[in-house]
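Please open the structure in your viewer and keep the sequence panel beside it, since this tour moves from one loop outward to the whole chain.

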Amino acid sequence: MTNDAASDRLEAGIRLDFREEMSYGDYLHLGELLGAQHPRSQPAAHDELLFIIQHQTSELWLKLLLHELVGARDGLRADDIGLALKRLARVKNILHTLTDQWAILATLTPSEYLSFRDSLANSSGFQSFQYRAVEFILGNKHAGMLQMFVQDPMAHQQLAGYLNSPTLYDEFLAYLSRHGQPIPASVTERDVAQAHQFTPELVDTFKVIYAAPAEHWSLYETCEALVDVEDAFQFWRFRHLKTVERMIGNKTGTGGSSGATFLRKALDRTFFPELYSVRTALD
């Protein structure tokens, strides 16, 4: 027997019989997961499977992204800034992975996409309730978006919960207030169902932190972690825009939006405006 043949033998302890034990496939529910791709094009378009898997995996990453953002928010609420920073570090890496995924979809040429685009009918990523929940917890709140999910009670209930609870930024500002930083009552007592409004006094607070990082290290580090998250989120948005432009140009989106024009406008929205304005204010 050669060495190569010997190396192919299974180790004695490797389990092979899973008739009465949980397997890898059982744990991950792979039967359901791998059976959830149902192309609709007729005749079947080869590239539709790519489109479906791209969006299904994005939804899985969005689920984890939301989980980690909630965890970071909870860490700040519990005055555990170290835990919040750990979870924000994971958030950044999830966003990088989501951004990198666009490179796979960008291999879809306009002709290939058009071969099955009609099969989408009115469905669109614009209708992702998890994406909307991520935007809500980061601060881009819009109560009117709930109307899109009235036919899905579970999604509607979850999204309403994020609309009516503090954002990640709200909890950071509350943390700052509890730890002696001057935060206006108009911020700490605001209606959390509304989008955050730019508050000049917060720029003054952040200016003190940024002017002396060593004296306010944990606060300074958290400010920069939030900027990192926004940067990563904006790169994701930008990559989405460029992929859409590459595939459909300036066509209207399947969900009725203006497509690339709508996505381009989204790049002007910021979650943490004072953390960007403080850069201009620093001497």
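Begin by selecting Met-22, which sits in the loop between α1 (3-7) and α2 (24-28); helices here are DSSP runs of H or I with at least four residues, and strands are runs of E with at least two, numbered from the N terminus. This is a predicted model, in which local features need pLDDT of at least 70 and side-chain atom pairs count only at pLDDT 80 or more, while totals for chains, interfaces and linings use all residues. Residues are numbered from 1 along each chain as its sequence is written, and side-chain values use heavy atoms, with hydrogens and water left out.

Is Met-22 buried or exposed? Met-22 counts as exposed because its relative accessibility is 57% (buried means under 20% relative accessible area, exposed over 50%, and partly exposed in between, with a 1.4 Å probe and protein chains only).

Next, add Tyr-24, Tyr-27 and Leu-28 to the selection: together with Met-22 they form a nonpolar surface patch with about 520 Å² of accessible area. Such a patch joins nonpolar side chains (Val, Leu, Ile, Met, Phe, Trp, Tyr) within 5 Å, from residues with over 30% relative accessible area and no salt bridge, that is, no side-chain nitrogen of Lys or Arg within 4 Å of a carboxyl oxygen of Asp or Glu; areas come from the Shrake-Rupley method with a 1.4 Å probe.

Now select the whole protein and colour it by secondary structure, which shows 14 helices and zero strands. The C-alpha trace spans about 70 × 55 × 40 Å along its principal axes, and buried residues make up 42% of the 283 residues. Finally, display the surface of the protein, whose accessible area comes to about 15,900 Å², with 55% belonging to carbon and sulfur atoms.

Note on methods:
Patches are made of residues with over 30% relative accessible area and no salt bridge: like charges are joined within 9 Å, nonpolar side chains (Val, Leu, Ile, Met, Phe, Trp, Tyr) within 5 Å.
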